[in-house]
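Subject: Structure for you to look at

Hello,

Here is the structure I said I would pass on. Please open it first and keep it beside you while you read my notes.

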Amino acid sequence: MSFHEVRFPAALSFGSVGGPQRRTEIVTLANGFEERNTPWEHARRRYDAGVAMRSQDDLAALVAFFETRRGQLHGFRWKDWSDYKSCLPSARVDFEDQVIGRGDGTTTVFQPCKTYRSGQESYARPIRKPVAGTVRVGVGGLELREGVHFSVDPAAGRVTLEVAPPLGDAVTAGFEFDVPVRFDADTVQTSLASFEAGEVPSVPVVEVRV
């Protein structure tokens, strides 16, 4: 898949509308009960980038970004302002935010993830596009130094430790992250008269699997 490691202008995505989408298949039985199943292990997020357009310069920036991505052809990074950190929105990223693995004495590569909890249930979301420079990592409750004890591949979403953690030690991490997306249409329709009258273009964006 063709993917550009560039973020959609964060100032333009601020105020956009969107969020996770699930796919659930429901069969109603003859007795009125239901059987529910899903073919998706992970949600797929959708956004509308047009909602946040505020000026003619914003429209120009949108068109330039759309053209250089060749419409739907190339994916890109998207900052979801409602969910872009490993911690609560009001908190600061900390190296103990998320448990991303357990040491076995051999494994050195770990996949960042964010776990969502409600009641007794939880869901672990793989984080494929961490933001470079924001990733903090710890092992066994002690923080490690990037470039000395670990490295991060922000394009592949992997953390590599220099030394395999001891058996049973928790590998933790905190980070900011982007969502890998693409435009969901090959057309952006803009009208200066409509824009000045308060109408904004619809620019659908959809998450891609990477």
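On the other side of helix α2 from its buried residues, Asp57 and Glu67 are exposed. Before going further, note that this is a predicted model.

The buried residues of α2 are Asp58, Leu59, Leu62, Phe65 and Phe66. Where do the buried residues of α2 fall when the helix is seen down its axis? They fall within an arc of 130 degrees, so they line one face of the helix. The helix itself covers residues 56–68, which is 13 residues. From the first C-alpha to the last, α2 reaches 19 Å, close to the 18 Å expected at 1.5 Å a residue.

After α2 comes Arg70, in the loop that leads from α2 to β6 (75–78). Arg70 has a positive phi of about 60 degrees although it is not a glycine. As background, most residues other than glycine have a negative phi. Is Arg70 buried or exposed? Its relative accessible area is 52%, and the cut-off for exposed is over 50%, so Arg70 counts as exposed.

Now the chain as a whole. It has 210 residues, and 40% of them count as buried. There are three helices and 18 strands. Measured out along its principal axes, the C-alpha trace spans about 65 × 60 × 35 Å. Taking the contacts in the chain with a separation of 6 or more, 74% are between residues 24 or more positions apart.Two loop residues are worth a look. Val131 sits in the loop between β11 (129–130) and β12 (136–139). Its relative accessibility is 16%, so Val131 counts as buried. Leaving out residues up to four places away in sequence, Val131 touches Arg7, Arg77, Glu176, Phe177 and Asp178. Val131 and Gly157 are 26 residues apart along the chain, and their C-alpha atoms are separated by 9.1 Å.

Gly140 is in the loop between β12 and β13 (142–143). With a relative accessible area of 46%, Gly140 is partly exposed. Which residues does Gly140 touch, not counting residues up to four places away in sequence? They are Asp169 and Ala170. From Gly140 to Arg102 the distance is 9.3 Å, C-alpha to C-alpha, and the two are 38 residues apart in sequence.

Next, the pockets. Rolling a probe the size of a water molecule over the atoms shows where empty space is left. In this model the largest pocket holds about 220 Å³ of space. Its lining consists of 16 residues, and those nearest its centre are His42, Pro126, Arg128, Glu207 and Arg209. By type, the lining of the largest pocket has nine nonpolar, one polar and six charged residues. Which strand gives the most to the lining of the largest pocket? That is β17, with four residues. Both β10 (121–126) and β17 (177–183) supply at least two residues of this lining.

Arg209, one of the residues nearest the centre of the largest pocket, lies in the segment after β18 (204–207). Arg209 has 46% relative accessibility and counts as partly exposed. Along the sequence, Arg209 and Asp48 are 161 residues apart, while in space they are 18 Å apart, C-alpha to C-alpha.

The second largest pocket holds about 190 Å³ of space. How many residues line the second largest pocket? There are 14, of which Asp83, Cys87, Leu88, Pro89 and Lys114 lie nearest its centre. Strand β9 (residues 113–118) gives the most to this lining, with three residues. The lining of the second largest pocket divides into six nonpolar, four polar and four charged residues.

If you want a place to start in the viewer, colour α2 and find its buried residues, among them Leu59 and Phe66. Then turn to the other side of α2 and find Asp57 and Glu67, which are exposed. After that, follow the chain to Arg70, in the loop between α2 and β6.

Regards

Definitions and conventions
Residues numbered from 1 in each chain as written. Predicted model: local features only at pLDDT ≥ 70, side-chain atom pairs only at ≥ 80, totals over all residues. Heavy atoms only, no water. 1 Å grid on protein atoms, 1.4 Å probe; cavity = no way out; pocket = protein on both sides within 12 Å on 5 of 7 lines; lining within 4 Å. Points joined across faces, edges and corners; volume = space filled by probe spheres on them. Nonpolar A, V, L, I, M, F, W, Y, C, P; charged D, E, K, R; others polar. Expected span 1.5 Å × (residues − 1). Buried < 20%, exposed > 50% of the residue type's maximum accessible area, 1.4 Å probe, protein only. Arc of directions from axis to C-beta. Contact = heavy atoms within 4.5 Å.
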